[in-house]
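Biologist: I am new to this structure and would like to go through it slowly with you. Could you show it to me before we begin?

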Amino acid sequence: MRSLARLALPALATAMLAAALSACGSGISLDEPIEGPVWRLAQLGGEPVATGGDAQIQFDRSSGRVSGSGGCNRVSGSFTRSGITLRIGQLASTRMACADPVRGANEAQFMSALQTTASYRLAGPGQLALLDASGRTVATLNAATR
């Protein structure tokens, strides 16, 4: 019985150490769901977008669909998420012209950012960073307050 206890003790100590160390991080689970909230576009690359823009997306876990607005047009498509890996399928969009050329340019850049997304990072409470394959932030979104 003592030899069994000697074998189990190191395994238990290792598990407890791993649990303690994981609690020392940012406090944000890397696998925290992004599905549910409406995410409003705050930055493209490192540049803030104009406030009051309508660019937003929402992920629906049950259907595996993403939908929202690029700012001028409605968009929808599929997505898959596993851990921090996030892939957004080909997006369909309405074809309305943007009256504001800046808004139209932001929409085009946002659609490109969505299509190049390879993973995500929760940068803080209510803040979602979309990352490309090289780990560069292509867009930052904030959870909409209702």
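Modeller: Helices (H or I, at least four residues) and strands (E, at least two) are DSSP runs, numbered from the N terminus. Please keep in mind that this is a predicted model.

Biologist: Where is the place of Cys-98?

Modeller: With strands and helices numbered from the N terminus, Cys-98 can be placed by the elements on either side of it, one of them helix H2 (101-116). The place of Cys-98 is the loop between S7 and H2.

Biologist: Which residue does a disulfide join to Cys-98?

Modeller: A disulfide is a pair of cysteine sulfur atoms within 2.5 Å, and by this rule the count comes to one disulfide. Its S to S distance is 1.6 Å, and the residue joined to Cys-98 is Cys-72.

Biologist: How many residues apart are Cys-72 and Cys-98?

Modeller: The link of Cys-72 and Cys-98 is right-handed, with 130° about the S-S bond. This pair links distant parts of the chain, since Cys-72 lies in the loop between S4 and S5 while Cys-98 lies in the loop between S7 and H2, and the two are 26 residues apart.

Biologist: Why does Cys-72 count as partly exposed and not as buried?

Modeller: Buried means under 20% relative accessible area and exposed over 50%, with partly exposed in between. Cys-98, at 21% relative accessibility, counts as partly exposed. Cys-72 is likewise partly exposed because its relative accessible area is 21%.

Biologist: Which residue in the turn between S4 and S5 has a positive phi?

Modeller: Strand S4 (residues 65-69) and strand S5 (residues 74-82) run antiparallel and are joined by five bridges, with Gly-68 standing opposite Val-75 in S5. The two strands form a hairpin with four residues between them, and the residue with a positive phi, of about 125°, is Gly-71.

Biologist: What separates the C-alpha atoms of Cys-98 and Gly-71?

Modeller: Cys-98 touches Cys-72, Arg-103, Gly-104 and Glu-107, not counting residues up to four places away in sequence. Gly-71 is 27 residues from Cys-98 along the chain, and the separation of their C-alpha atoms is 8.3 Å.

Biologist: How many residues lie between S5 and S6 in their hairpin?

Modeller: S5 also runs antiparallel to strand S6 (residues 85-88), joined to it by four bridges, and Thr-80 stands opposite Arg-87 in S6. In the turn of this hairpin Gly-83 has a positive phi of about 60°, and the number of residues between the strands is two.

Technical notes: Residues are numbered from 1 along each chain as its sequence is written. This is a predicted model: local features need pLDDT of at least 70, side-chain atom pairs count only at pLDDT 80 or more; totals for chains, interfaces and linings use all residues. Side-chain values use heavy atoms; hydrogens and water are left out. Two strands pair if DSSP finds at least two bridges between them. Buried means under 20% relative accessible area, exposed over 50%, partly exposed in between (1.4 Å probe, protein chains only). Contact means heavy atoms within 4.5 Å.
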